[in-house]
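Visitor: Please give me a close look at one part of this model, namely the packing between its secondary-structure elements.

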Amino acid sequence: MNLEKTVCYCMSVTNGMIKDAVDSGANTLEEVQSITGAGTVCGSCLEDVKRLVEQFVSERDNG
């Protein structure tokens with residue numbers, strides 16, 4: 001996965017920023033939104049952000 005790829009253009013949030021938020025303890029879409037702002041403006045990236053959060057939480061928790 002390209003961690004430099006932008007997932008939220010409104011807030012300039014990359015895949016790596018989502019991963020960093022999860023690695024720092026965020027467990028939900030809402031927590032990641034609070035940390036990064038992703039998906040809080042137009043909402044068009046919400047499904048992608050949610051999928052990334054679920055993927056990164058799973059990877060983190062399953063080693």
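Guide: In this predicted model, buried residues (under 20% relative accessible area with a 1.4 Å probe, protein chains only) make up 37% of the 63 residues in the protein chain. Residues are numbered from 1 along the chain as its sequence is written, and side-chain values use heavy atoms, without hydrogens and water. Local features need pLDDT of at least 70 and side-chain atom pairs pLDDT 80 or more, while totals for chains, interfaces and linings use all residues.

The chain holds three helices and two strands (DSSP runs of H or I, at least four residues, and of E, at least two), in the order β-β-α-α-α from the N terminus. Its C-alpha atoms fill a box of roughly 35 × 25 × 15 Å along the principal axes.

Helix 1, residues 15-23, packs on helix 2, residues 29-36, at about 115°, with axes (lines fitted to C-alpha atoms over the stretch in contact; angles run from 0 to 180 degrees between N-to-C directions) 10 Å apart. Helix 1 is therefore roughly perpendicular (65 to 115 degrees) to helix 2. Their contact (heavy atoms within 4.5 Å) joins Met 17, Ile 18, Ala 21 and Val 22 of helix 1 to Val 32, Ile 35 and Thr 36 of helix 2.

On helix 2, Val 32 also serves the contact with helix 3, alongside Leu 29 and Gln 33; helix 3 contributes Leu 46, Val 49, Lys 50 and Val 53. Helix 3 spans residues 46-61, and its axis comes within 9 Å of that of helix 2, crossing at roughly 110°. This crossing makes helix 2 roughly perpendicular to helix 3.

Methods:
Angles under 35 degrees count as roughly parallel, over 145 as roughly antiparallel, 65 to 115 as roughly perpendicular and the rest as oblique. Buried means under 20% relative accessible area, exposed over 50%, partly exposed in between (1.4 Å probe, protein chains only).
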